[in-house]
Amino acid sequence: MQDIRLAIFDWDGTLMDSVGRIVACVQGAARDCELAVPAPAQIRQIIGLSLDVAMSRLFPLNSGCGCGCGCGCGSAFDERQIAVLIDRYRHHYLHDATPSPLFSGAGELLHDWRSRGLQLAVATGKSRSGLDRVLDETGLRPLFVTSRGADEARSKPDPLMLEQILNELGLSTRQAVMIGDSVHDMAMAEAIAMPRIGVTWGVDSRDALSRHGPVAVVDSMTALRALL
């Protein structure tokens with residue numbers, strides 16, 4: 001991977017240990033809206049997607065009661081209700097006390113790669129406001145040359161946010177690598193033939209990540225640091 005000039009990171013589950021907090025906040029939003037509370041395993045499957053896509057998958061849109069009569073009775077979800085769920089999720093995320101620290105070694109890895117001339121970027125399912133908040137809270141903003149949130153492109157696994165980053169920096173897909181913990185990250189990079197590295201300390205397993213042809217799947221920050 002000697003030609004790599006840019007490392008693009010997912011955020012949640014890759015750099016920040018925030019999966020538990022996300023699960024708690026989705027469950028809190030469901031309770032606020034008096035909905036069946038999704039199990040943690042269900043929520044883990046949507047981490048990395050934009051909030052509108054994630055909530056629509058957890059609480060699917062439907063046409064009514066399902067009785068076939070077309071009456072429209074029952075508990076159909078529409079875009080307005082999804083928006084309410086997103087609003088409640090954001091409320092919980094701002095106030096939830098579940099710890100969400102950087103993974104051990106993440107800061108050291110970023111500083112090391114940046115000091116050796118590698119450019120760094122973020123491509124995340126967070127909104128721009130959410131990403132800006134964690135970049136400032138962690139003090140990592142100066143290390144990244146650019147970033148994209150889900151509300152600035154299309155939801156993963158659509159590769160638009162990667163394409164935007166490459167265009168901004170004038171790089172080709174072969175000069176960058178996507179690093180993430182979910183199949184959404186791997187599929188996004190795979191769609192444009194960008195090299196990709198899976199990490200196993202987030203939401204998806206080694207087997208699931210490996211289905212998308214990564215150049216490597218690693219189990220520790222030390223192993224990741226050694227690749228570039």
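The following exercises, each with a worked solution, concern the predicted model shown above.

Residues are numbered from 1 along each chain as its sequence is written. In this predicted model, local features need pLDDT of at least 70, side-chain atom pairs count only at pLDDT 80 or more, and totals for chains, interfaces and linings use all residues, while side-chain values use heavy atoms, with hydrogens and water left out.

**Exercise 1. Confidence**

Task: State the average pLDDT of the protein chain, and identify where the pLDDT is below 50.

Solution. Begin with the term: pLDDT is the predictor's confidence in each residue, from 0 to 100. The protein chain averages a pLDDT of 92, and 93% of the residues score at least 70. Next, locate the weak stretch: the pLDDT is below 50 over residues 63-76. This stretch has 11 contacts in the model beyond near neighbours in sequence, where contact means heavy atoms within 4.5 Å. Finally, consider how to read such a region: where pLDDT is low, the predicted coordinates should not be read in detail.

**Exercise 2. The sheet**

Task: Give the order of the strands in the open sheet, and name its edge strands.

Solution. Helices (H or I, at least four residues) and strands (E, at least two) are DSSP runs, numbered from the N terminus. Two strands pair if DSSP finds at least two bridges between them. With these terms, the order of the 6 strands is β3-β2-β1-β4-β5-β6, and the pairing is parallel. The edge strands, each pairing on one side only, are β3 (146-148) and β6 (216-218). On average, neighbouring strands of this sheet are turned by 20° against each other, direction ignored; the axes are lines fitted to C-alpha atoms, for helices over the stretch in contact, and angles run from 0 to 180 degrees between N-to-C directions.

The pairs can now be followed one at a time:

- β2 and β3 run parallel and are joined by 3 bridges; V122 has S147 in β3 as its bridge partner.
- β1 and β2 are paired in the parallel sense by 4 bridges; L6 stands opposite Q119, and I8 has A121 as its bridge partner.
- β1 and β4 are likewise paired in the parallel sense over 4 bridges, with F9 opposite I179.
- β5 (residues 196-199) and β6 run parallel with 3 bridges; V199 is partnered by V218.

**Exercise 3. Burial in β1 and β2**

Task: Determine which residues cover the two faces of β1, and explain why A7 counts as buried.

Solution. Buried means under 20% relative accessible area, exposed over 50%, and partly exposed in between (1.4 Å probe, protein chains only). In a regular strand the side chains alternate between the two faces of the sheet. In β1, L6 and I8 lie on one side and A7 and F9 on the other, and all are buried. A7 counts as buried because its relative accessibility is 0%. Leaving out residues up to four places away in sequence, A7 touches W113, L118, Q119, L120, A121, V177, I179 and L228. For β2, 4 of the 5 residues are buried, so this strand is largely enclosed by the rest of the structure.

**Exercise 4. The nonpolar cores**

Task: Describe the largest nonpolar core and the contacts of L224.

Solution. A nonpolar core is a set of buried Ala, Val, Leu, Ile, Met, Phe, Trp, Tyr and Cys residues joined through side-chain atoms within 4.5 Å. The largest has 28 residues, and those with the most contacts inside it are F9, W11, F144 and L224. At least two residues each come from β1 (6-9), α5 (106-115), β2 (119-123), α6 (128-138), β4 (176-180), β5 and α10 (221-225). The most, 4 residues, come from α5. Outside its neighbours within four places in sequence, L224 is in contact with F9, L109, W113, I179, I197, V199, W201 and V218. Another core lies apart, with 21 residues, among them I47, L58, L85 and Y93.

**Exercise 5. Two helices**

Task: List the buried residues of α7, and classify S56 in α3 as buried, partly exposed or exposed.

Solution. In helix α7 (residues 160-169), the buried residues are L160, M161, L162, I165 and L166. Their cover includes β1, β2, β3, β4 and α8 (183-190). Just after α7, G170 takes a positive phi of about 70°. Turning to helix α3 (residues 51-58), which contains S56, one finds that S56 counts as partly exposed because its relative accessibility is 24%. A polar atom of the S56 side chain lies 2.8 Å from the backbone oxygen of D52.

Terms used: Polar contact = N/O pair within 3.5 Å; in protein donor to acceptor, adjacent residues only side chain to side chain.
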